[in-house]
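Please open the structure in a viewer and keep the selection tool at hand. The tour proceeds by stops, each with something to select and an account of what is found there.

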Amino acid sequence: MGKLVVIDHPLIQHKISLIRDKQTGTKDFRNLVEEIAMLMAYEVTRDLPLKEVEIETPVAKAKTKVISGKTIGVVPILRAGLGMVNGILSLVPAAKVGHIGLYRDPETLLPVEYYCKLPTDASERDFIIVDPMLATGGSACGAITLLKQRGVKNIKLVCLIAAPEGVAAVRKEHDDVDIFVAAVDERLNDHGYIVPGLGDAGDRLFGTK
Ligand code: PRP
Ligand code: URA
C-alpha cells in the first residue's frame with residue numbers, strides 16, 4: 001500500500017500560505033511554487049538507494065556513498081505541473097523530463113489527454129509526477145495510468161494541495177503509488193475546486209486570468 005505523506009515543514013507551510021493568498025501575483029506565485037517543489041523534493045527523494053564508492057580526498061582514501069539504482073524521470077501534468085519541474089531538477093539535475101498534457105473538462109470534470117512525450121527509456125526509470133493540485137484525482141490517475149502503460153513500476157505523486165476526494169481516488173485506482181502533499185484541504189466545491197485551495201493553479205502560474 002502506498003503512503004500518504006503530508007510534508008509539514010514550517011518553510012513549506014509558510015510558503016503554502018503565501019500562494020493561497022489571492023493578493024499574491026504571478027511572479028511571486030511562480031517563484032514560490034518552484035521553491036516549495038524544491039523543498040518537497042528533499043523529502044520525496046529520502047529513500048533513494050545509495051551505494052558505497054571509494055574516493056580520494058586531499059587527505060586520505062575514503063569509502064563514501066553516492067546515489068545508485070534506477071535513474072529518475074520527472075513528469076509534470078500540463079500546464080500547472082510545469083511550475084514545479086525546476087524546483088525538483090535543482091535537487092535531481094540528472095533526471096529526464098517527460099510531459100503529460102491533460103485538461104479537466106469543465107462540465108464532466110474528467111481529464112482529457114492531449115499530449116504525452118516520455119523519455120525513451122521510461123520503463124527503466126522511477127518517476128515523480130508533479131502537479132500543484134489534486135482535486136477529483138482524475139488527472140493524477142490518468143497520468144499514472146499512462147506511465148504504467150509504458151512499463152513504469154515505481155511512481156510517486158507530488159502535489160502541493162490535495163482534496164480528500166483526490167487522495168481517495170488515487171488510493172482506490174493506484175494503491176501502489178506514494179502521495180506527497182503539503183496540505184490536505186477540506187473538500188471540493190460544486191465546480192471541482194479545492195476549498196479553500198488556491199484557485200486555478202495554471203491561471204495563477206501563467207497569468208491567464
Ligand atoms: C488542474 C490541475 C490538475 C487538475 C486537478 O489542471 O493543475 O492537473 O486541474 O484536477 P483533478 O484532480 O480534478 O483532475 P487543469 O485541468 O485546470 O489544466 P491546466 O493546468 O492546463 O490549467
Ligand atoms: N485545479 C485547480 O487548478 N485548482 C483546483 O482547486 C482544482 C483543480
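The stops below visit the pockets, the ligands and a few points of the backbone in a predicted model.

**Stop 1: the largest pocket**

Begin with the largest pocket, which encloses about 670 Å³ of space. Its lining is made up of 29 residues, and those closest to its centre are Tyr103, Arg104, Ser139, Tyr193 and Asp200. Select these five to mark the middle of the pocket. Next, colour the elements β4, β6, β9, α4 and α6 (201-206), each of which contributes at least two residues to the lining. Sorted by class, the lining comprises 15 nonpolar, nine polar and five charged residues.

**Stop 2: ligand 1**

Now display ligand 1; the space it takes is the largest pocket. Which elements give two or more residues to the shell around ligand 1? They are β4 (72-78), β6 (99-104), β9 (133-134) and α4 (138-149).

Then show the residues around ligand 1, of which there are 16. Arg104, Asp131, Thr136, Gly137 and Ser139 come nearest among them. The shell consists of seven nonpolar, five polar and four charged residues.

Three distances deserve a label in the viewer. For the side chain of Asp131, an N or O atom is 2.4 Å from an oxygen atom of ligand 1. For the side chain of Arg79, an N or O atom is 2.9 Å from an oxygen atom of the ligand. With Ala135 the partner belongs to the backbone: one of its N or O atoms lies 2.9 Å from an oxygen atom of ligand 1. Taken on its own, ligand 1 has 500 Å² of accessible area, and the protein covers 90% of it.

**Stop 3: ligand 2**

Keep the largest pocket in view and display ligand 2, which also sits there. Select its surroundings: Arg104, Met133, Ala135, Gly192, Tyr193, Ile194, Gly199, Asp200 and Ala201. By class, this shell holds five nonpolar, two polar and two charged residues.

Which backbone atoms should be examined here? A polar backbone atom of Ile194 is 2.8 Å from an oxygen atom of ligand 2. A polar backbone atom of Ala201 is likewise 2.8 Å from an oxygen atom of the ligand. At Gly199, the polar backbone atom is 2.8 Å from a nitrogen atom of ligand 2. Ligand 2 has 240 Å² of accessible area on its own, of which the protein covers 88%.

Arg104 may be left selected as a link between the stops. It is listed around ligand 2, it is one of the residues that come nearest to ligand 1, and it is among those closest to the centre of the largest pocket.

**Stop 4: the second largest pocket**

Hide the ligands and turn to the second largest pocket, with about 250 Å³ of space. It is lined by 14 residues; Leu48, Ile67, Ile72, Leu91 and Val92 are the closest to its centre. The lining divides into eight nonpolar, four polar and two charged residues.

**Stop 5: points along the backbone**

Return to Arg79, whose side chain was labelled beside ligand 1. This residue is found in the loop between β4 and α3 (82-91). Where does the peptide bond leading into Arg79 start, and is it cis or trans? It runs from Leu78 and is cis, with omega near -5°.

Select Pro196 next, in the loop between β15 (194-195) and α6. The peptide bond from Val195 to Pro196 is cis as well, and its omega is near 0°.

Finish at Leu109, in the loop between β6 and β7 (111-117). Its phi is near 65°, a positive value in a residue other than glycine.

Notes: Residues are numbered from 1 along each chain as its sequence is written. Chains are lettered from A and ligands numbered from 1 in the order in which they are written. This is a predicted model: local features need pLDDT of at least 70, side-chain atom pairs count only at pLDDT 80 or more; totals for chains, interfaces and linings use all residues. Side-chain values use heavy atoms; hydrogens and water are left out. A residue is near a molecule or strand if one of its heavy atoms lies within 4 Å of it. A polar contact is a pair of N or O atoms within 3.5 Å; within protein, one must be able to donate a hydrogen and the other to accept it, and residues adjacent in sequence count only if both atoms are side-chain atoms. Accessible areas come from the Shrake-Rupley method with a 1.4 Å probe; for residues, only the protein chains shown count as cover. On a 1 Å grid over the protein atoms alone, a cavity is a set of points where a 1.4 Å probe fits but cannot get out, and a pocket is an open set with protein on both sides within 12 Å along at least five of seven lines; lining residues have an atom within 4 Å of a point. A molecule sits in a cavity or pocket if more than half of its atoms lie within 2 Å of its grid points. Helices (H or I, at least four residues) and strands (E, at least two) are DSSP runs, numbered from the N terminus. Ala, Val, Leu, Ile, Met, Phe, Trp, Tyr, Cys and Pro count as nonpolar, Asp, Glu, Lys and Arg as charged, and the others, Gly among them, as polar. Grid points are joined across faces, edges and corners, and a volume is the space filled by probe spheres set on the points.
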